[in-house]
Amino acid sequence: MKKNILFVILFSFIFTACKYKPQNGDLLFVVAESSDFENAITESTAWNDSIKFAHVAILAVKNEEPYIIEASTKKGVTKTKWEDFLQSAPKINGKPGIVAMRIKKKYDASKAIKLAEHHHGEPYDWTYFPNNEKMYCSELVYESYLDNENNPLFTAK
């Protein structure tokens with residue numbers, strides 16, 4: 001547990017100190033708060049003693065302005081301002097509890113953004129079933145990130 005907290009605090013420091021430069025297609029993982037709903041998510045998605053995440057969102061950049069495409073429980077699939085996303089994240093030592101990851105595998109980030117934006121306005125998927133015109137956060141990522149043959153970059157579990 002202490003190791004995870006140290007990692008998140010260290011990442012939070014690096015995230016701020018290194019002037020993270022948002023890039024089209026980055027995935028933003030939000031550290032879980034302690035609530036029954038988020039505990040249910042993290043119990044089904046976390047490995048061993050790893051940091052527990054409760055949400056994932058897609059970062060897009062247009063005219064050098066970052067914004068977020070996400071499937072949130074409150075609004076369904078929306079575009080969120082970068083600043084609003086940072087403000088809404090749980091805080092760790094006063095900093096947003098967000099881990100940004102960049103995909104190493106070759107893919108078309110602009111295609112992923114277009115596919116994600118295609119779902120804009122769909123309601124949140126409280127049943128967590130695929131192909132029902134509703135989306136939950138990781139389903140949005142799964143449906144949006146495709147390789148050159150249009151196969152998902154990630155496996156569904």
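These legends walk through several close-up views of a predicted model.

**View 1. Helices H4 and H5 cross each other at roughly 130°.**
Start with helix H4, residues 109-118, and helix H5, residues 137-144. Their axes come within 8 Å. Are they parallel or oblique to each other? With angles over 145 degrees counted as roughly antiparallel and 65 to 115 as roughly perpendicular, H4 and H5 are therefore oblique. As for the hand of the crossing, H4 and H5 make a right-handed one. On the H4 side, the contact is made by Ala 112, Leu 115 and Ala 116, and on the H5 side by Leu 140, Glu 143 and Ser 144. Sort these residues by character and you get four nonpolar, one polar and one charged.

**View 2. Helix H5 has buried residues that pack against strands as well as a helix.**
Which residues of H5 are buried? They are Cys 137, Glu 139, Leu 140, Val 141 and Ser 144. Two of these names, Leu 140 and Ser 144, also turn up in the contact with H4. Besides H4, the buried residues of H5 pack against four strands: S1 (27-31), S2 (53-62), S3 (65-72) and S4 (76-81).

**View 3. Thr 78 is tucked into strand S4 as a buried residue.**
Look along strand S4 and you'll find Thr 78 there. Why does Thr 78 count as buried? The cut-off for buried is under 20% relative accessible area, and Thr 78 comes in at 13%, so it qualifies. Leaving aside residues up to four places away in sequence, what does Thr 78 touch? Its partners are Ile 68, Ile 69, Glu 70 and His 120.

**View 4. Asp 26 and Arg 102 join two loops through a salt bridge.**
The count for this model comes to two salt bridges, and here is one of them: the side chains of Asp 26 and Arg 102 meet at 2.7 Å, N to O. Asp 26 sits in the loop between helix H1 (2-17) and S1, while Arg 102 belongs to the loop between strand S7 (98-101) and H4, so the pair ties together parts that are 76 residues apart in sequence. Buried or partly exposed: which is Asp 26? Asp 26 is buried, with a relative accessible area of 1%. Arg 102, on the other hand, is partly exposed at 42%.

**View 5. Lys 79 and Glu 117 link a strand to a helix.**
In this salt bridge, the side chains of Lys 79 and Glu 117 meet at 3.5 Å, N to O. Lys 79 comes from strand S4 and Glu 117 from helix H4, so the bridge ties together parts that are 38 residues apart in sequence. Lys 79 is partly exposed, at 46% relative accessibility. Glu 117 is partly exposed too, with a relative accessible area of 24%.

**View 6. Tyr 128 and Asn 150 each have a positive phi.**
A bit of background helps here: most residues other than glycine have a negative phi. Where is Tyr 128? You'll find it in the loop between H4 and H5. Its phi is near 60°, a positive value in a residue other than glycine. Tyr 128 is also partly exposed, with a relative accessible area of 32%. Asn 150 is further along, in the segment after H5. Although Asn 150 is not a glycine, its phi is positive, at about 65°. At 45% relative accessibility, Asn 150 counts as partly exposed.

Notes:
Residues are numbered from 1 along each chain as its sequence is written. This is a predicted model: local features need pLDDT of at least 70, side-chain atom pairs count only at pLDDT 80 or more; totals for chains, interfaces and linings use all residues. Side-chain values use heavy atoms; hydrogens and water are left out. Axes are lines fitted to C-alpha atoms, for helices over the stretch in contact, and angles run from 0 to 180 degrees between N-to-C directions. Angles under 35 degrees count as roughly parallel, over 145 as roughly antiparallel, 65 to 115 as roughly perpendicular and the rest as oblique. A crossing is left-handed if the near helix is turned anticlockwise from the far one by less than a right angle, and right-handed if clockwise. Contact means heavy atoms within 4.5 Å. Ala, Val, Leu, Ile, Met, Phe, Trp, Tyr, Cys and Pro count as nonpolar, Asp, Glu, Lys and Arg as charged, and the others, Gly among them, as polar. Buried means under 20% relative accessible area, exposed over 50%, partly exposed in between (1.4 Å probe, protein chains only). A salt bridge is a side-chain nitrogen of Lys or Arg within 4 Å of a carboxyl oxygen of Asp or Glu.
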